[in-house]
Amino acid sequence: MGTRLGFGDRWRARRRRGAIIVLVALALVILFAAAAFSVDIAYMFLAEEQLHAATDAAAKAAVVSLSQGSDQHTATNTAISYAAANVVCGKPLTITADNVSLGKVAYSQSGLWSFVAAGTPTAAAQVTATVSVPLFFAPLLGTPTFSPIKTSTAAFVRNKWCFVFDRSGSMCFDMSGTDWQYPPRLGYHYGYPRSPYVPNGAQSRLANLRTGANTFLTALTNSPGGTAENQVAMITFGDSAATDCTFSSNYSPITNRLNYYLSTN
């Protein structure tokens with residue numbers, strides 16, 4: 001014969017079933033909370049990283065544009081274009097000119113560089129952007145979106161180079177094979193502006209110096225920053241020193257001055 005449950009036994013069984021339903025409901029709440037923390041937080045980190053990469057790219061693009069001699073309007077538009085070329089959670093980053101600030105960076109005694117908006121010379125860019133990213137499970141907990149904000153700053157350094165060259169009589173020595181041999185004397189005042197000798201245009205020390213200087217200037221011109229990022233000056237000395245060329249991104253005065261020292265005109 002089967003066992004029949006009394007009223008008390010049936011009541012206890014129903015109570016156990018009710019308790020399990022409560023436990024399942026609590027477990028589902030915990031499961032959704034865990035999903036919100038695992039999936040959504042990972043998605044939030046992804047949004048922040050991609051936004052940071054996009055603002056970095058935009059700021060660096062603006063700085064490269066400035067270093068190549070572009071005006072501020074062009075540099076700002078370059079930043080906007082490069083921001084749009086980067087995707088944040090599946091969508092291109094859209095910014096406007098209000099998100100881009102141009103200026104300079106200043107070095108402090110603490111060893112840190114700080115951005116100075118509208119500072120001159122204009123050699124830095126700062127891009128600030130935000131996005132609104134829809135979340136997956138967090139809306140169930142009252143948080144439908146995530147809106148990170150990132151600021152990226154980039155700058156370039158305008159290099160200044162100064163040539164200091166000897167233009168005394170020893171720079172006229174012939175280098176074709178006979179050491180310490182002077183070319184013919186023409187009677188210039190010794191040392192300034194030229195020596196009393198006219199150096200050989202191809203075989204003298206001064207001619208080799210000119211070749212080396214022109215090679216260096218060509219390398220600067222073809223460097224990523226070009227002439228806009230590299231200014232050059234020249235000082236020469238003989239029996240006295242003179243500033244032949246002040247700092248400039250135009251290198252032709254230096255070349256012309258070296259040619260002058262090798263000429264008889």
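Start by selecting Cys245: it is buried, at 9% relative accessibility (buried means under 20% relative accessible area, exposed over 50%, partly exposed in between, with a 1.4 Å probe and protein chains only). Before you click on, note that this is a predicted model, where local features need pLDDT of at least 70 and side-chain atom pairs count only at pLDDT 80 or more, while totals for chains, interfaces and linings use all residues. Residues are numbered from 1 along each chain as its sequence is written, and side-chain values use heavy atoms, with hydrogens and water left out.

**The two cysteines**

Now add Cys162, which is partly exposed with a relative accessible area of 38%. Why is there no bond between Cys162 and Cys245? The sulfur of Cys162 has its closest cysteine sulfur in Cys245, 9.9 Å away, and that is too far for a bond. Searching the whole structure turns up 0 disulfides, a disulfide being a pair of cysteine sulfur atoms within 2.5 Å.

**The three-stranded sheet**

Next, select strands 9, 10 and 11. They form an open sheet in the order 9-10-11, with mixed pairing. The edges are strand 9 (159-166) and strand 11 (241-248), each pairing on one side only. From one strand to the next, the twist averages 10°. Two strands pair here if DSSP finds at least two bridges between them; helices (H or I, at least four residues) and strands (E, at least two) are DSSP runs, numbered from the N terminus.

Zoom in on strand 10 (residues 230-237): it runs antiparallel to strand 11, and 5 bridges join the two. Which residue stands opposite Thr243 of strand 11? Look for Ile235.

Then bring in the helices. Helix 3 (residues 205-221) lies across strand 9 and strand 10, at about 175° to strand 9. Helix 5 (residues 252-261) packs on the sheet too, touching strand 9, strand 10 and strand 11, and its direction makes about 20° with that of strand 10. For these angles, axes are lines fitted to C-alpha atoms, for helices over the stretch in contact, and the values run from 0 to 180 degrees between N-to-C directions. Contact means heavy atoms within 4.5 Å.

**A buried loop residue**

Jump to Thr122, in the loop between strand 4 (113-117) and strand 5 (124-130). Is Thr122 buried or exposed? Thr122 is buried, at 16% relative accessibility. Its side chain makes a polar contact of 3.3 Å with that of Gln72 (a pair of N or O atoms within 3.5 Å; within protein, one must be able to donate a hydrogen and the other to accept it, and residues adjacent in sequence count only if both atoms are side-chain atoms). Beyond its neighbours within four places in sequence, Thr122 also touches others, including Leu66, Leu102 and Phe156.

**Along helix 1**

Select Val39 in helix 1 (residues 7-67). Val39 is partly exposed, with a relative accessible area of 36%. Setting aside neighbours within four places in sequence, Val39 is in contact with Phe136 and Phe137. The C-alpha atoms of Val39 and Phe136 are 7.6 Å apart, although 97 residues separate them along the chain.

**Zooming out**

Finally, show the whole chain: 5 helices and 11 strands, with 34% of the 265 residues buried. Colour by pLDDT, the predictor's confidence in each residue from 0 to 100. The average is 84, and 83% of the residues score at least 70. Go carefully around residues 187-192, where pLDDT stays under 50 and the model has 20 contacts beyond four places in sequence.
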